[in-house]
Structures are given as structure tokens and as C-alpha cells.
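Reader: I have a model open and no idea where to begin. Can you walk me through it?
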Amino acid sequence: MGSSAKLNNQPANTSLSVLVADDDIPNRLVLQALLERQGYHVIQADDGIQAVEMFKRERPDLVLMDITMPHMDGYEATRRIKAMSEDTFVPVIFLTATSDREGLAKCVESGGDDFLTKPYNRVLLQARIDALMRIRDLYSTVQDQRNELANHQKRLDRERQLAKRLFSNIIETSSLDLPYVQSMLSPMSLFSGDILLAAPKPSGGLHVLLGDFTGHGLAAAIGALPVSSVFYGMTTKGYSIAEIVTEINRKLKKILPTDMFLAACIIDINPGSHTLSVWNGGIPSVIIYGEAEQEIIRVLPSRHLPLGIANEESFNRRVEILEMRQNDRIYMYSDGLTEATNPDGVMFGNQRLEGLFIRNRDSSELFNEIRREIIRYQAGGAQQDDMTMIELRYDQQQLEDTVFHDKTQAKLLESQASAWSFSMELSADLLTYFDPLPLLIQAVCDMQSFRGQRQQLYTVFSELFSNALDHGILNLDSTMKRNADGFAKYYMEREARLSNLREGSIKIFVAHEPNEEGGLLTIRVEDSGEGFDFRKKQLALENNVGHSGRGIQLLDTICEKVEFKGNGNIVEATYRWH
Amino acid sequence: MPVTSEVSTDDNTVTIKISGRFDFAVQNEFRDCYYNAKPGENTRFIINMSGANYMDSSALGMLLMMREYLGGNAADISIINCSPDIKNILTVANFQSLFKME
């Protein structure tokens with residue numbers, strides 16, 4: 001204690017003041033002389049009432065209190081003084097003539113800290129004062145630390161609250177309120193290291209991202225901000241999950257310290273092509289539960305490093321694609337689910353989880369059964385990790401109806417319809433790594449508001465483009481897609497051929513002509529391929545639907561006119577909007 | 001001691017042995033093991049997990065820190081004797097592409 005009084009005669013105590021309350025004047029004078037020789041500043045009171053008054057006014061550091069005084073005795077005066085100084089420690093030493101037990105007990109009871117018997121001994125007095133001053137210093141240090149801690153805590157709480165608001169504003173998504181989605185997200189602390197994002201695509205269908213940051217709390221949650229903005233921004237613009245996951249990885253690699261990363265699984269449910277695309281880096285296997293089979297029909301394990309570890313050159317954006325059937329269920333969960341422990345510290349584990357899938361008799365209850373079972377299993381034990389799970393039921397109609405609401409689109413509604421056109425040519429080199437659709441759609445919708453018909457437009461553009469690329473340039477046979485095996489093979493083959501593409505090009509021409517109700521949009525896509533006998537094909541389509549040619553048929557229903565030209569290597573679609 | 005290391009000078013190998021829980025609580029001890037090893041060009045690091053019964057994602061982060069400190073792709077780090085649970089955590093995160101796993 002740096003400021004403790006010294007035992008010698010040096011006037012080291014000048015800054016300390018002592019109140020002496022005693023109705024006996026000679027007594028007071030003796031004490032005054034003793035104390036002043038030690039360097040204390042002394043103030044005096046004749047009785048209890050005056051002592052309280054003086055204390056209030058002067059706030060001395062120490063009080064010497066006689067017991068028997070007129071008007072108010074020392075006990076009462078001490079009680080009042082102690083009541084006035086709750087936040088600080090002001091030692092009160094009782095001055096007593098006797099040392100009878102009852103009297104001493106009363107001293108302590110009223111708040112006295114020590115007592116001194118007459119006649120006064122200089123050394124003893126100094127020792128008592130020193131001892132009490134040391135206690136006072138200790139008390140004030142503890143008090144300061146407590147206040148400092150409380151302030152820290154308050155500031156931390158405020159920051160947490162603020163960050164939490166910020167965080168929930170950013171990751172909040174109404175997309176999880178969809179009839180075919182059930183989810184649970186139970187954060188361990190104020191912040192969760194888990195994130196669950198979902199956003200409808202402009203072409204219909206849904207992107208979902210389930211992520212689990214290293215560690216928990218604020219640091220983990222902060223990383224969620226760039227993830228969600230990239231996810232929502234790019235999904236809205238029509239980018240594929242391979243491109244989104246590449247961009248998130250690039251961002252996180254740049255901003256996160258080496259020991260932090262995001263285990264993530266991102267999926268694309270595409271009702272147009274009945275497909276599910278999965279990129280899984282560090283999340284437990286995605287489970288597909290077949291409605292027809294009433295059992296797990298497929299698991300998609302983690303195939304990649306979590307996000308934020310690999311650099312751009314070594315990042316692997318490869319996705320797995322599989323076919324979906326009506327009411328098949330997709331389950332994604334963070335490892336907190338299987339690592340949930342019971343009160344004995346035993347983890348829930350994969351086997352118990354699989355058991356729930358096996359025992360289930362009503363698939364619509366599966367999600368609730370899992371949730372109930374996990375909660376029951378933990379029964380009172382502390383939740384250790386963040387625990388997140390989502391179930392998506394593949395409902396083609398509802399997925400297609402999941403419409404994307406673009407706020408900026410509404411603002412454009414008032415803008416005038418105008419005439420414009422542009423064309424672009426994409427070389428083989430460009431096609432191997434660049435998907436022009438998002439940019440194309442963005443450009444078209446920036447030039448002209450189509451009153452919420454962006455989704456349909458996206459479908460038109462993507463069908464025309466993939467028709468030109470898959471069949472015109474890559475010569476893929478869509479009859480391959482007839483069964484589930486061929487389905488996967490088709491997409492693998494597509495990827496292989498695309499990455500080896502050396503020749504060929506696609507020309508895209510877009511023109512808009514306004515009219516009274518809206519306008520007429522012409523989109524012409526020409527590929528450098530050999531084309532095909534479109535007349536025969538059209539006839540086949542009219543007679544029998546089959547597995548292939550679905551895309552062109554879809555176009556027919558959306559567009560006013562779809563025409564094959566040239567050798568069948570040119571497709572021109574006319575889209576009327578109003 | 002949950003984390004101990006021994007340096008064998010003859011074949012230029014540093015072995016770090018983990019026991020009990022491998023998580024954030026042992027991060028300083030773990031880091032000291034390779035900080036203090038003063039590795040040379042060809043130092044091999046072996047992380048022996050035989051005594052470890054638990055590992056969380058912060059431990060994955062600690063492994064990444066170690067790998068970066070020892071030169072990223074140039075680092076020679078093996079992880080051996082993993083229990084099935086720990087092996088599962090490492091493979092779900094695809095750490096076999098960053099570390100030698102035996």
C-alpha cells in the first residue's frame with residue numbers, strides 16, 4: 001500500500017485528517033497533540049451531533065469517538081457516520097475508559113472498527129491508525145477495481161448488445177419462414193458461431209448456407225457479416241454457389257486470422273432442373289431422406305477445406321449435383337448437434353442420430369423428433385456448442401413460387417420504357433471460366449424494369465444459354481439425364497468437357513422495343529455448333545415429352561414465340577412483358 | 001501435462017504429444033512446443049494424438065497457426081495415433097490435404 005502512514009515522527013500524514021469527538025476538553029487536547037505530532041490534521045467535535053455535522057462537512061479520513069457524550073452518544077454518531085459513508089471505508093476508533101465486554105460488543109455493533117483505552121499511548125495509537133489506514137487503502141483499491149470491472153462489464157455488454165443488433169439485422173432472413181423449411185438455431189452464448197442463411201434465387205429455387213465458425217462469441221459472429229453480404233448479394237444477382245463459395249473463401253482468407261475459419265455447406269435447390277447442388281467444406285454430411293424409400297438414400301460428406309484457409313489458386317469450388325424428387329428431404333446440421341452431451345458427458349453421436357432416421361414412421365415428424373430427442377438427451381446438461389439444423393422438403397411448386405423481391409426493382413417501375421439493343425460474343429476461352437448470366441440479367445434489368453418479371457427473364461436467358469452451351473458447343477446428349485446415375489454423369493461430363501473447351505463461341509443479341517403496355521424483348525442466342533434438325537425435334541416434342549428438351553418446352557410456355565433458325569444453332573425467343 | 005514435446009536431434013524430428021482435451025486451454029503450451037523447437041530447414045514435426053480424447057475447432061485453428069508458422073506448404077507435419085472421433089473431426093475439415101495423417 002503506497003500511501004500507508006509511517007511509524008516514525010516525520011510529518012508524512014499531512015494529507016490525512018482526523019476527527020476527534022469527545023466532550024472532555026483535556027482529553028481532546030492530549031489526542032490533538034499526539035496526532036499533530038504525527039502529522040495529521042485534526043478537527044474536533046464536542047458531542048455526537050456536532051461530530052456527525054463535522055463529518056458531513058469535512059469528510060475526515062479517520063474518526064476517534066468517545067462513547068459517552070451529551071445530546072448524542074458515540075454509538076449513535078458512529079451509526080450515522082457509517083451510514084453516510086457506505087462507498088468508502090472511514091475507520092472509527094472508539095475511545096473507552098474500560099474494556100468491559102458488553103461495551104466493546106456495542107462498539108462493534110454500531111460500526112466501530114477498533115477501540116483504544118485511556119490513558120493513550122502514542123505508539124499504540126499510531127499502530128492502530130496505521131493498521132486501519134492499511135485496511136482503508138486495501139478497501140479503496142478493491143473498490144476501484146470493482147468499479148473498473150463493473151465499467152468494463154457495462155461497456156462490454158453495451159458493445160455486445162450493439163453488435164448483436166447489427167448481427168441479427170444482417171443475417172435476419174424471412175426466407176426461413178417458408179412452408180417447406182424447418183430450422184433451429186440455438187446459440188450457446190449471446191452470439192452463436194453458427195450461421196444459417198437462405199435466399200431465393202432470381203430463377204426460382206433457393207440457396208442455403210449453413211456455417212460454423214471456429215470458436216464462439218463476438219469474434220466468430222463478426223466474420224458472419226461479410227459472409228452474409230456476399231451470400232445475399234451474389235444469390236440475388238443470380239451467381240451460382242460455386243462462384244459464391246469462391247468469393248466467400250477469398251474474402252474470409254483476406255480478413256480472418258490464420259486460426260479462424262468457417263466450416264460451411266452451401267446448397268442450391270433448383271426446381272427447374274430437379275437438382276440439388278452441394279458444396280460441403282467441413283460440415284457433417286448432408287443427409288437426403290427419400291420419401292419413397294422412407295430411409296436415408298444419400299449422404300454428402302465434406303469434400304473440401306473449410307472457408308478462409310485455402311488461397312485462391314488452390315481453392316476447390318467443385319460441387320456435387322444430384323437429382324431431387326418430390327418430398328425428398330434434405331438435412332444439414334452443425335457438429336454441435338452430434339456433439340451435444342448428456343449429463344454424464346457422453347456425446348449424442350452419429351449413431352443415435354441415424355437411429356432416429358431409421359425409427360421414424362412419419363417423415364413429416366422427423367425434424368421434430370430429432371429436435372425433441374436432442375433436448376431430452378441433454379436433459380439439464382449444459383449445451384456446449386452451437387447447435388444448428390435445417391430440414392428442407394423438396395416441393396417443386398413451392399420452390400418455384402419462392403419469389404425474390406427486389407426493392408430496387410420497385411423504384412425502377414416508374415422509369416420509362418425505351419428502345420435499346422446490345423450484343424456480345426463469348427469465346428471458348430471465356431466460357432471455360434466465366435458465367436455471363438448474372439451480368440447479363442443485371443445489365444438487362446438495369447436498363448429496363450420488368451415489373452417483377454426478373455425471375456421469368458432469368459429462366460429465359462439461362463435456358464437459351466445452357467441450350468447453346470450444353471448441346472451446341474459441348475455436344476452433350478440430354479437423354480443421358482433419363483435416370484439418376486446418368487444425371488450425375490451428365491454434369492460430370494459437362495464439367496470435364498467445359499474445362500477442356502478450346503474452340504467455339506456463343507453470340508448473344510438482346511433488343512427491346514417498348515409498346516403501350518410494356519414492351520417486347522427479343523433474345524437471340526447463336527452458337528458455333530453444328531445445329532440439329534429442329535423440325536424433327538419439334539415434332540417429337542409435340543408428340544411426346546420425354547426427358548430431354550424440357551428446357552425448350554419451358555421457354556415455349558413463358559415466351560410469346562420461340563424459333564429455331566439457321567441449322568438449329570440459332571434460337572430466338574420473344575418475350576412480351578406488361 | 002496435457003501437451004509435451006520432445007526433440008530428437010539425430011533424425012531432426014520434433015514430437016508433440018497431446019493428452020486429454022486438445023482445445024483453446026492448451027494453446028500457449030502447444031505454441032511453445034514449436035516456438036521453442038527452433039526448427040531447421042528439414043525439421044519434421046509429429047503430433048502424437050494417442051493421449052488426446054477430445055478436440056474442438058479451436059484446436060483445428062491452432063494446427064493451422066502451426067502450419068503457417070512452419071512455412072505453410074513447406075511445413076512437414078504429421079498427425080498420428082488419432083482416435084476415431086478425432087480422426088473424424090480432422091477428415092470432416094479435410095485436414096488430410098494440409099497435414100500428413102497416419
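Author: Start with a term: two strands pair if DSSP finds at least two bridges between them. Keep in mind too that this is a predicted model.

Reader: ok, what is the order of the strands in the open sheet of chain A?
Author: The order is β16-β17-β18-β20-β19, so to speak five places in a row, with antiparallel pairing in an open sheet of 5 strands. β16 (420-427) and β19 (561-565) of chain A are the edge strands, and each of them pairs on one side only.

Reader: how much are neighbouring strands turned against each other?
Author: By 15° on average, with direction ignored.

Reader: and which helix packs on the sheet?
Author: That is helix α15 of chain A, residues 454-473. α15 touches β17 (505-514), β18 (519-527) and β20 of chain A, and its direction makes about 15° with that of β18(A).

Reader: how many bridges join β19(A) to β20?
Author: There are 5 bridges between β19(A) and strand β20 of chain A, residues 570-577, and the two run antiparallel. As one example, A:Phe564 has A:Val571 in β20(A) as its bridge partner.

Reader: what holds paired strands together, generally?
Author: Strands of a sheet pair through backbone hydrogen bonds, either parallel or antiparallel.

Reader: new topic. why is strand β7 of chain A largely enclosed?
Author: Because 7 of the 7 residues of β7 (residues 194-200) are buried, the strand is largely enclosed by the rest of the structure. A residue is buried if 20 or more other C-beta atoms lie within 10 Å of its own.

Reader: which residues of β7(A) point which way?
Author: A:Asp194, A:Leu196, A:Ala198 and A:Pro200 point one way. A:Ile195, A:Leu197 and A:Ala199 point the other way, and all of these are buried.

Reader: what does β7(A) pair with?
Author: Strand β8 of chain A, residues 206-213, is joined to β7(A) by 7 bridges, and the two run antiparallel. A:Ala198 stands opposite A:Val208 in β8(A). β7(A) and β8(A) form a hairpin with 5 residues between them, and A:Gly204 in the turn has a positive phi of about 90°.

Reader: and chain B, what is its pattern along the sequence?
Author: The pattern is β-β-α-β-α-β-α-β, which comes from 3 helices and 5 strands. Of its 102 residues, 34% count as buried.

Reader: last one. how many residues of chain A are in contact with chain B?
Author: 15 residues of chain A are in contact with 12 residues of chain B. On the chain A side, the residues divide into 7 nonpolar, 7 polar and 1 charged.

Conventions:
Residues are numbered from 1 along each chain as its sequence is written. Chains are lettered from A and ligands numbered from 1 in the order in which they are written. This is a predicted model: local features need pLDDT of at least 70, side-chain atom pairs count only at pLDDT 80 or more; totals for chains, interfaces and linings use all residues. Two residues are in contact if their C-beta atoms, placed from the backbone, lie within 7 Å. Ala, Val, Leu, Ile, Met, Phe, Trp, Tyr, Cys and Pro count as nonpolar, Asp, Glu, Lys and Arg as charged, and the others, Gly among them, as polar. Helices (H or I, at least four residues) and strands (E, at least two) are DSSP runs, numbered from the N terminus. A residue is buried if 20 or more other C-beta atoms lie within 10 Å of its own, exposed if 12 or fewer, and partly exposed in between; C-beta atoms are placed from the backbone. Axes are lines fitted to C-alpha atoms, for helices over the stretch in contact, and angles run from 0 to 180 degrees between N-to-C directions.
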